[in-house]
Amino acid sequence: MAEATAPPPVAPTVDLTVVDRLVAEIGGAPEQLIPLLQALQSHFRYLPPEALRRLSEITEITPAAIAGVSTFYSQFRHQPAGRHVISICHGTACHVKGAELVTDALRRRLSLAAGEDTDAEGLFTVQPVACLGCCTLAPVMQIDGVTYGHLTPDSVGQALDDFLQLADRGLLADAENGGRDGSGLAEIRIGVGSCCVAGGSLEVAQALEAAVRSLAAPAVLKPVGCVGICHQTPLVEIVLPHQPPALYARVQPGDAEAIIRRHFRPRGVLRRVRSALTVGLDKLLTDESWQPVTRHALEVRDAPVCAFLGPQQRLATEASGALDPLDLDDYRHHEGFVALRHALKHMQPEEIVRLVTESGLRGRGGAGFPTGVKWGLVRAAADQTKYVICNGDEGDPGAFMDRMLLESYPYRVLEGMIIAARAVGATEGLLYVRAEYQLAVQRLRTALQALEAEGLLGDGILGTGLSFHLHLREGAGAFVCGEETALIASLEGQRGMPRLRPPFPAESGFHGHPTLINNVETYALVPWIIRSGAEAFAEIGTERSRGTKVFALAGKVARGGLIEVPMGVTVRQIVEEIGGGVAGGRRFKAVQIGGPSGGCLPAELADVPVDYEALVGAGAIMGSGGLVVLDDQDCMVDIARYFLEFTQRESCGRCTFCRVGTRRMLDILDKLCTGGGRPGDLERLEELAHAVQRSSLCGLGRTAPNPVLTTLRYFRDEYEAHLEGRCPAGKCKALINYTINDQCVGCTKCAQQCPVQAIPLLPFSRPEIDQEKCLRCDTCRRVCPVGAVDVVSGPSVEAPLAHA
Amino acid sequence: MPKLTLDNQEVTVPAGATILDAARQLGVPIPTLCHLPGRPAQCSCLVCLVEVNGGERLLPACGTVATEGMTVVSESAEVHAARRMALELLLGDHRGDCLGPCQGVCPAHLDLPKMLEQIAAGCLREALITVKQRLALPACLGRVCAAMCERGCRRGTVDAPVSLRLLKRYVADVDLAAAEPYLPPAAPPTGRRAAIVGAGPTGLSAASYLRQAGHAVTIYEQADQPGGGLRQADLPAEVLQAEAALILRQGVELVSRRRVTPEDLAALRASYDAVLLAVGEVKSNSGATLGLPAGPQGLLAHDYALLDEPGLFAAGSTLSPSRHAARACGEGYGAAQAINAFLRGEPDYPREDLLTVRMGKLSAEELAERAGESSSAARVTPAGGEATGFSPTEAAGEAERCLHCECAKLHACALRAQAIRYQAHLGHFRGDKLPGHLDLTHPEVVYDPGKCIACGICVRLAEEAGEPLGLALVGRGLGMRPAVPFGEGLAGGLTRAAAACVAACPTGALAWRQHLTADSACTDSGEDQDER
């Protein structure tokens with residue numbers, strides 16, 4: 001008799017009155033389908049078939065629409081989920097920092113077999129997400145609302161334990177809400193680049209650690225790589241929620257306590273969470289490995305990189321760090337609504353369009369279409385009904401510009417939209433924001449209510465005749481919805497499948513009416529342009545790319561974060577002067593710009609300026625502003641494979657070239673990365689890439705081959721090495737082996753940490769790794785204190801170093 | 001009313017018309033798979049790509065609205081290549097056989113599935129005609145053929161292959177025993193004359209098909225009886241005599257006991273419009289005795305035509321040695337097609353298009369799914385022993401064991417038709433076969449998602465028909481397929497739109513479950529179920 005088996009999952013009875021209630025609240029029109037499904041899922045934690053049937057019975061939504069839409073968006077689950085959902089980020093920054101190894105470790109820890117996503121006890125469900133938009137914490141996972149960053153394969157277990165402890169003690173709400181009420185964990189970043197260490201940063205770190213402990217400051221200490229201001233070492237940066245990051249230069253151990261006291265004066269609001277945090281900190285800060293499991297409040301995830309670093313210029317992110325996102329008075333003090341007032345009371349719609357046109361502003365969503373021209377087209381359309389839509393469906397893995405702008409400057413984006421409504425003659429507007437961006441969604445809801453209450457939205461705005469009603473819609477997980485025709489289909493409650501343009505939305509968009517769609521950043525720039533004038537904006541930047549561009553700087557860079565630079569600065573300036581160069585003393589190899597539609601530029605081409613045309617010339621695109629720095633440990637074939645896997649997964653499926661073609665490209669890349677490449681594969685890959693680029697229906701498909709084409713162009717030697725079964729960067733698991741060199745001191749740390757006992761526990765002797773058992777999880781290399789673990793690839797893999 | 005230029009022809013179309021509309025107006029053939037006339041374009045298959053205004057991008061003609069002054073190129077080399085690639089991508093993971101594997105491996109490419117269907121329906125005369133379209137000597141072959149077809153038969157992986165050879169023999173024996181055996185009709189006389197050297201299976205077969213094409217045919221044979229190698233085979237002499245006699249009754253002249261020397265050959269070439277050498281195996285030296293260049297295998301020819309010898313053809317073992325009687329017959333058929341084209345002055349002959357996707361090995365589950373549609377009886381052995389052949393009941397029962405692997409819409413499949421037209425290379429972008437199980441819940445229609453190209457036509461037709469449940473495109477990307485909502489079967493989704501969906505589906509994904517009704521089986525023109 002088997003007695004140890006888990007009890008069979010009992011299908012809970014589905015309370016169908018919930019469906020009736022939600023339909024009564026939300027409405028039953030076809031375009032409400034996605035909000036309805038979201039509400040159902042949030043109640044049942046998945047979409048029970050009975051509930052979907054009920055939905056079709058009591059609304060005018062057809063069964064076909066429900067089946068089609070609920071299976072299109074990755075947010076929707078059709079199987080019950082475990083009690084807690086672990087969203088593990090597979091964004092670019094997380095990928096290059098080992099998200100795959102972390103996922104493997106997590107799945108091992110939960111004993112998930114291939115194809116399973118929920119553990120036997122039904123406690124955790126693991127779901128990969130395209131990007132959580134907190135790239136500087138990579139690799140990241142979110143358990144329910146709690147974010148864990150800087151994960152490693154060996155720290156995943158600690159994170160799960162930490163979460164369960166929080167849950168046991170009923171502290172989840174605190175951990176989740178940390179960001180919202182301003183009591184989140186702060187980060188104390190200390191440079192541990194070679195210059196900083198030389199300047200005594202390790203001693204400073206110890207002093208800071210002691211001060212944090214004695215004062216019970218709600219902070220985690222985070223060692224960061226070189227910050228690029230090497231003459232000022234050691235550098236300490238304090239990153240607090242709602243506050244500008246503070247940078248201290250030439251810090252001495254004796255300064256530590258004063259610094260901590262200055263930022264962490266005991267306050268009532270903090271005391272509430274202190275006890276929980278202290279327990280956490282004890283564990284975190286005594287960890288010898290300096291790679292503590294770090295739990296983050298939502299807000300601390302990506303603070304803007306300190307404003308004075310490098311050639312930054314802040315327009316869309318004006319008043320960075322000085323502005324309370326939801327404080328209307330604060331916004332007004334920072335010239336908020338000056339532009340709106342001026343545009344409504346002193347400018348004719350045509351003048352606004354002309355001003356925007358003359359400023360040279362181009363769409364910041366990626367393609368760079370002249371914004372003024374688009375506004376003019378919508379303005380000129382004869383239809384009485386027009387819409388203004390804000391595209392906040394930032395789907396690029398490795399990008400978080402929209403999230404940061406919406407979270408930090410919601411009023412600015414809304415002000416831009418109201419001005420646009422006036423300019424094009426629209427009375428209705430929609431904001432489409434990724435559902436993953438919960439904080440942005442919450443802030444926008446609050447901001448919309450505030451503006452309505454103040455008479456800045458609704459009928460008769462600012463006492464003028466302008467009426468503009470804005471509605472917020474959450475996306476449901478589909479990268480392709482960043483494409484404007486797909487976004488409109490999604491807003492209409494359909495599957496987010498792009499259609500052929502023309503007609504463009506300016507002519508026939510939402511419900512067939514002329515529709516203006518701009519990106520978040522584009523709208524955020526509008527108030528500045530109205531206030532400062534077209535010339536002031538046009539003076540910034542290059543001949544054809546005017547103004548500034550916001551980038552999400554992440555990856556192997558010492559200092560990641562949200563930056564805003566004038567067009568025309570070079571990629572190298574961004575990486576080195578703002579980002580502080582590559583972290584950990586590695587070699588700057590390449591930069592990935594523009595996400596899945598963009599390309600990889602090698603370090604040699606890093607002097608290319610930030611300019612739409614210049615970037616396209618180099619094989620990349622401006623994109624929406626994701627900028628992921630890669631070092632010599634990043635395999636370019638793996639990067640190409642990573643992006644293809646992404647686009648292939650996100651392909652809507654409409655057209656043959658994208659649906660099947662990207663898959664066949666991925667097949668080839670998979671084979672290359674696992675040692676199955678054959679002669680002719682590179683040529684076939686190129687043939688497919690060009691065909692997909694040339695013949696796909698929408699922008700997603702046409703740009704999907706870019707990461708492959710640029711890596712083939714600049715790093716062909718790496719592809720050729722993979723054909724020979726070699727991964728020069730030591731990244732592709734099937735092509736590498738771990739070996740132990742004679743630096744080994746026999747400390748047995750590797751053997752103790754190895755999750756599969758592939759390393760014998762032999763004190764004071766150099767162990768040999770069992771290549772059959774080895775998972776290539778990289779744990780041994782990470783924990784080795786003396787760098788005795790080598791990654792080898794190539795023919796020598798067959799014959800690991802011989803020793804007795 | 002925009003005016004545009006399409007392949008250098010000017011055309012004016014109504015406002016809002018697409019490039020495809022313009023092409024149809026001009027009679028320029030642009031292929032489509034996913035297009036439903038009169039409805040908005042799906043832009044899914046992209047085999048209608050065209051070049052527009054010399055742009056770098058290729059655009060689907062079905063969804064691109066024609067504008068004033070537009071210049072469209074519909075068949076450049078690049079367009080052709082892109083369309084071919086779209087087809088290759090669609091076929092690369094297609095899970096289904098076009099031809100039954102039996103037909104694919106038969107050297108004469110006999111349409112065995114159709115023959116079985118006709119036998120099962122009791123239409124023996126039609127079954128014989130099906131056989132004789134490829135095989136001029138079926139009673140002989142039914143006795144001596146190596147039956148490659150049975151080795152290819154997928155039923156063999158369930159229990160035992162269908163007894164294809166004996167069924168073929170049964171059909172032929174019934175015909176030979178009839179008062180008036182079937183005589184294939186001949187086309188009107190062409191006035192052209194062909195000589196055939198050798199009355200073996202190749203020569204006899206070629207003679208039969210050349211006569212059917214309307215040419216005068218004379219066979220020269222060195223022995224006193226026709227039959228060649230078949231005369232040594234394990235075969236009752238009267239069967240061979242009877243089948244050879246039937247070919248002669250078509251109006252073929254036989255000159256026996258006549259050995260053709262190189263000098264004779266020259267004379268034959270002077271007095272006939274075409275000469276076919278079907279003399280059996282030629283050693284390289286004996287090839288020289290005919291005064292013709294030979295390689296190690298035999299005479300050197302391309303598509304049966306001897307190199308640099310206009311009007312002189314060779315086939316069968318004369319080109320490369322084979323002891324396979326079915327191959328010999330197939331060669332006779334092929335050579336007849338080539339000679340017919342030559343005699344009619346046509347540059348090329350219509351090759352039998354055998355393009356077929358191969359499903360490969362099926363899992364036990366998949367086999368069971370398909371086997372459920374056919375008779376579960378064990379392979380029948382004739383009660384009177386092999387020598388007597390099948391009784392009518394035995395034959396019908398055995399024919400019903402066929403799994404019908406062949407595509408129900410072989411001739412109606414737009415995907416295959418375009419793949420043939422664009423010479424698509426099936427293996428070029430091969431991927432894992434599409435997943436999915438047959439949906440057999442509907443009494444009349446079968447849905448095979450492995451053959452679906454996700455064009456969405458059925459989804460739209462179901463919606464137009466006001467189906468209560470209908471179909472939805474479910475999932476996204478590569479896994480996207482039509483499915484009935486809420487996990488129901490096809491029976492729930494197609495209550496009134498089934499016929500329209502089967503007719504419009506561009507592949508065999510939606511097809512009638514019954515391949516042929518008794519009525520349609522008994523009309524020999526039967527282009528499968530396509531016309532139903």
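Let's start with one residue: Leu164(A) is partly exposed, because its relative accessible area is 27%, between the 20% cut-off for buried and the 50% cut-off for exposed. Keep in mind that this is a predicted model.

**Around Leu164(A)**

You'll find Leu164(A) in helix 7 of chain A, which covers residues 156-168. If you skip its neighbours within four places in sequence, Leu164(A) is in contact with Leu123(A) and Phe124(A). For a sense of distance, try Val550(A): Leu164(A) and Val550(A) are 386 residues apart in sequence, and their C-alpha atoms are 38 Å apart in space.

**Chain A as a whole**

Now zoom out. Chain A has 804 residues, and 62% of them count as buried. Its secondary structure comes to 32 helices and 20 strands. What about contacts along the chain? Of the contacts in chain A with a separation of 6 or more, 73% are between residues 24 or more positions apart.

**A helix with a buried side**

Helix 11 of chain A, residues 256-263, is a nice one to look at. Which of its residues are buried? They are Ala256(A), Ile259(A), Ile260(A) and His263(A). Looking down the axis of helix 11 of chain A, you'd see these buried residues fall within an arc of 95°, so they line one face of the helix. The face turned away from that buried side carries Ala258(A) and Arg262(A), which are exposed. There's a general pattern to help you here: an α-helix has 3.6 residues a turn, so residues three or four places apart point the same way.

**Two helix pairs**

Next, some packing. Two packed helices are described by the angle between their axes and the distance between the axes. Here are two pairs to compare:

| Helix pair | Angle | Axis distance |
|---|---|---|
| Helix 3 (residues 49-58) and helix 4 (residues 63-72) of chain A | about 140° | 9 Å |
| Helix 10 (residues 201-212) and helix 14 (residues 325-343) of chain B | about 40° | 7 Å |

Take the chain A pair to begin with. At about 140°, helix 3 of chain A and helix 4 of chain A are oblique to each other, because the angle falls short of the over 145 degrees needed for roughly antiparallel. Their crossing is right-handed. Helix 3 of chain A brings Leu52(A), Leu55(A) and Ser56(A) to the contact, while helix 4 of chain A brings Pro63(A), Ile66(A) and Ser70(A). Sorted by class, that contact has 4 nonpolar residues, 2 polar ones and no charged ones.

Over in chain B, helix 10 and helix 14 are oblique too, because about 40° isn't under 35 degrees, the cut-off for roughly parallel. The crossing of helix 10 of chain B and helix 14 of chain B is right-handed. From helix 10 of chain B, the residues in contact include Pro201(B), Ser205(B) and Tyr209(B), and among those they meet in helix 14 of chain B are Cys329(B), Tyr333(B) and Ile339(B). The residues of this contact divide into 9 nonpolar, 4 polar and 1 charged.

**A strand residue in chain B**

How does Val72(B) sit: buried or exposed? Val72(B) counts as buried, because its relative accessibility is 1%, and buried means under 20%. Val72(B) has its place in strand 5 of chain B, residues 71-73. Not counting residues up to four places away in sequence, Val72(B) touches several others, including Leu4(B), Leu6(B), Ile19(B) and Val50(B). As for Val52(B), it is 20 residues from Val72(B) in sequence, yet the two are 4.7 Å apart in space, C-alpha to C-alpha.

**Backbone oddities**

Finally, have a look at the backbone. Most residues other than glycine have a negative phi, and most peptide bonds are trans.

Where does chain A have cis peptide bonds? One joins Arg501(A) and Pro502(A), with omega about -5°. Another cis bond joins Pro502(A) and Pro503(A), where omega is about 0°. Pro502(A) is in the loop between helix 20 (484-491) and strand 13 (515-519) of chain A, and Pro503(A) also has its place in the loop between helix 20 and strand 13.

Chain B has positive phi values to show you. His109(B), in the loop between helix 3 (101-105) and helix 4 (112-120) of chain B, has a phi near 55°. At 22% relative accessibility, His109(B) counts as partly exposed. Asp303(B) has a positive phi of about 50° although it isn't a glycine. Asp303(B) lies in the loop between strand 10 (301-302) and strand 11 (305-306) of chain B, and with a relative accessible area of 30% it is partly exposed.

Notes:
Residues numbered from 1 in each chain as written. Chains lettered and ligands numbered in written order. Predicted model: local features only at pLDDT ≥ 70, side-chain atom pairs only at ≥ 80, totals over all residues. Heavy atoms only, no water. Axes fitted to C-alpha atoms, helices over the stretch in contact; angles between N-to-C directions. Helix = DSSP H or I, 4+ residues; strand = E, 2+ residues; numbered from the N terminus. Parallel < 35°, antiparallel > 145°, perpendicular 65-115°, else oblique. Left-handed = near helix turned anticlockwise from the far one by under 90°. Contact = heavy atoms within 4.5 Å. Nonpolar A, V, L, I, M, F, W, Y, C, P; charged D, E, K, R; others polar. Buried < 20%, exposed > 50% of the residue type's maximum accessible area, 1.4 Å probe, protein only. Arc of directions from axis to C-beta.
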